[in-house]
Amino acid sequence: MSRPISEDDLHAYVDGALSGARRADVEAYLERNPEVAEQYARFGRQRETLRAALGPIAAEPVPPQLNLAHLVAARRQSSWTAWRAAVAACLLLLVGGAGGWSLRSIGVEPGVGINALAQEASYAYAVFGQDKGRPVEINAADSTALVRWVENRLSRQISVPDLSQAGYRFMGGRVVATPNGAAGLLMYDDAQGARIAILMRPMMRDQNAPMAEHREGDVVGYAWADNGMGYSLVGGNSAASLLHPVADEARRQMRSRT
Amino acid sequence: MQDMMAIVEPLIPSLRRYARSLLRDQVSADDLVQDCLERVIGRWHQRRADGDARTWVFTILHNLAINRMRQTARRGVHVPVDDTSETAFATPPTQEDQLHHQAALTALAALPEDQRSVLLLIGVEDLSYAEAAAVLGVPLGTVMSRLSRARQRLAQLIEEGPARSATTGPGLRRVK
C-alpha cells in the first residue's frame, strides 16, 4: 500500500504537479472522500477563474518601454557615453597636469600651438558633444548673452557663423576650460541630431595657421588660426568627409566679420 | 546578450501580469517590470550559471514589488480595491464570466501579500513549488502552508461576496 495522502498531495493534484502513479492514488482517495473532493474541486475552479481573469494581461502587446532590445541598447549607450566622458575628463586632467609639470620642471612651454588647440577641441567635443541633458550652457535664443560671455572671457571679439546652408542649426554654446585658459565652444546639430562644435581661443603661438585635419579617437576636426585667434571645427567620425567644407565656410564667415 | 534576449523576452508578458496582479495598477506595474529588466540586463553575467533563469528573474521582480508596496504603504497611499480593479485588470466586459472574475480578483486583492504571491506564482504563473520557494526566499513547507491558507481564505472571501471582502483587505482603506 502506498503512503497516506497528505494535504500537500491534494494541492499538487489541483496544480497538476503529481506523477501518474501518485495521481491515481489521490483520485482513488478523493472518490472515497466526497467532501474533501468537493473542497479541492472548488480550489481547482478558483485556480481556473484567476487564470482566466488575469490571462488577458499576458495577452496584451508588450509596450515599447519594455522592449528588451531597446533596453539593452539604451544601457550600452549610457555606459559608453559615461565611459567616454570619463576618459575625456582624465585626458584633460593629464594634459593640464603634464603641461603644468613640464613648465615647472624643465621650463618648456606647455602645448600652446595649433596642435594643442586641436586636442582641446576634441576633448571638449567628446564631453559636450555627447551630453544629452545640457549640451550647451546658453541656448541659441540668447546668442547675444552667449557672445558677450565668450568675448568677456576671451577678451576678443567673436562671431557666430551661420552654418544652416550646410544643414547645421546653431544650438548655443558655453565657455570651456583648456590648459591655455578659457575657450568658447559653439555647438550645432543637423536634422538627425548629429552634432558639430567650434572651439575658439586666443593663440600665443601659431597666430596664423593654415587649415589642418586632426583626429582623436572618434573625433575628427579641422583647425586653423587667423590674426591670433585659433579655431577648430570638430565632429563625429561619421561626418568626417563633410566637415572640411563646413570648416571652410565657417572660416570664410569669421574672416569677413572680424 | 543573445542568450539573455532569447530567455528573458518570452517571460515579459508573464512578468507584467505578476507585477500588475500584485500592484493592481498598470503604470506602476510596467515601471516595475522595466526596473526589473534593467537589473536583469545589468546583472545577467552575475547570475549562477546552474540556476534557473526564470526563477532568478521572478525573484528580482518579486523583491522590487515588495519594496514598492512597502514604500507605498509607508507613504500612506491606499488604493481602494473596487476603484482600481476594473481599470487595472482589463477583462473584456462582454464576457459572461465578467462578474465571476471580478469577484475573484476583488477577493484576491483582499488576501495578505504573502498568500497572494504564492497563489499567483503557482496558480497563474505555473512555477513549481520549489521555484516559488526560491522566489519568495522561504522553505518549501512555508510555501505549502501559505498555499493552503490562501486557497481557503480566497474561497471564504468569494463566498462572502465583494461587499465584505472589499472592506476587509489588509492595509486597504478608502481615502477620500
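This report walks through a predicted model of two protein chains, A and B.

**Confidence**

Let's start with how far the predictor trusts its own work. Chain A has a mean pLDDT of 87, with 92% of its residues at 70 or more. One stretch of chain A to treat with care is residues 104-110, where the pLDDT is below 50; in the model this stretch makes 8 contacts beyond near neighbours in sequence. Chain B averages 82, and 78% of its residues score at least 70. Its residues 78-87 have a pLDDT below 50, with 23 contacts beyond near neighbours in sequence. Residues 164-172 of chain B are also below 50, and that stretch has 17 such contacts. For the complex, the predictor gives an ipTM of 0.81 and a pTM of 0.55.

**Chain A in outline**

Chain A contains 7 helices and 7 strands. Following the sequence, the order of elements is α-α-α-α-α-β-α-β-β-β-β-β-β-α. Of its 258 residues, 30% count as buried. Looking at contacts in chain A between residues at least 6 apart in sequence, 56% join residues at least 24 apart.

**The sheet of chain A**

The strands of chain A build an open sheet of 7 strands, paired antiparallel in the order β1-β2-β3-β4-β7-β6-β5. At the edges stand β1 (138-139) and β5 (209-216), each with a single partner strand, so one side of each has no neighbour in the sheet.

Three of the strand pairings are set out here:

| Strand pair | Sense | Bridges | A bridge pair |
|---|---|---|---|
| β2(A) (169-178) and β3(A) (181-189) | antiparallel | 9 bridges | A:Thr178 and A:Gly181 |
| β3(A) and β4(A) (195-202) | antiparallel | 6 bridges | A:Asp189 and A:Arg195 |
| β5(A) and β6(A) (219-226) | antiparallel | 6 bridges | A:Glu216 and A:Val219 |

The connections are worth a look too. β2(A) passes to β3(A) through a hairpin of 2 residues. Between β3(A) and β4(A) the hairpin has 5 residues, and A:Gly193 in that turn has a positive phi of about 85 degrees.

**Where the chains meet**

On the interface, 38 residues of chain B are in contact with 27 residues of chain A. The elements of chain B that give two or more residues to its side are α1 (2-8), α2 (12-23), α3 (26-43), α6 (98-109), α7 (113-124) and α9 (140-160). By residue type, the chain B side divides into 20 nonpolar, 10 polar and 8 charged.

A residue of α1 of chain B gives a close-up of this region: B:Met5 lies in that helix. Leaving aside neighbours within four places in sequence, B:Met5 is in contact with A:Leu68 and A:Ala69. Is B:Met5 buried or partly exposed? With 14 other C-beta atoms within 10 Å, B:Met5 is partly exposed, because the count falls between the 12 or fewer of an exposed residue and the 20 or more of a buried one. B:Met5 also sits 9.1 Å from B:Ile41, C-alpha to C-alpha, although the two are 36 residues apart in sequence.

**Nonpolar cores**

The largest nonpolar core has 49 residues, of which B:Ala19, B:Leu61 and B:Ala132 touch the most other members. Which elements each supply at least two residues of this core? They are α3 (34-59) of chain A together with α2, α3, α4 (53-75), α6, α7, α8 (129-136) and α9 of chain B. The largest share, 7 residues, comes from α9(B). Apart from this core lies another, of 48 residues, including A:Phe170, A:Ile196, A:Ala225 and A:Val246.

B:Ala19 shows how the packing looks at one residue. Beyond its neighbours within four places in sequence, B:Ala19 is in contact with B:Ala29, B:Leu32, B:Val33, B:Leu61 and B:Ala65.

Finally, a helix that contributes to both the interface and the largest core is α6(B). Its buried residues include B:His101, B:Ala103, B:Ala104, B:Leu105 and B:Thr106, with B:Ala107, B:Leu108 and B:Ala109 also buried. Does the geometry of α6(B) agree with what its 12 residues should span, or disagree? At 1.5 Å a residue, α6(B) should span 16 Å, and its end C-alpha atoms are 16 Å apart, which agrees.

Terms used:
Residues are numbered from 1 along each chain as its sequence is written. Chains are lettered from A and ligands numbered from 1 in the order in which they are written. This is a predicted model: local features need pLDDT of at least 70, side-chain atom pairs count only at pLDDT 80 or more; totals for chains, interfaces and linings use all residues. pLDDT is the predictor's confidence in each residue, from 0 to 100. Two residues are in contact if their C-beta atoms, placed from the backbone, lie within 7 Å. Helices (H or I, at least four residues) and strands (E, at least two) are DSSP runs, numbered from the N terminus. Ala, Val, Leu, Ile, Met, Phe, Trp, Tyr, Cys and Pro count as nonpolar, Asp, Glu, Lys and Arg as charged, and the others, Gly among them, as polar. A nonpolar core is a set of buried Ala, Val, Leu, Ile, Met, Phe, Trp, Tyr and Cys residues joined through C-beta atoms within 7 Å. The expected span of a helix is 1.5 Å times one less than its number of residues. Two strands pair if DSSP finds at least two bridges between them.
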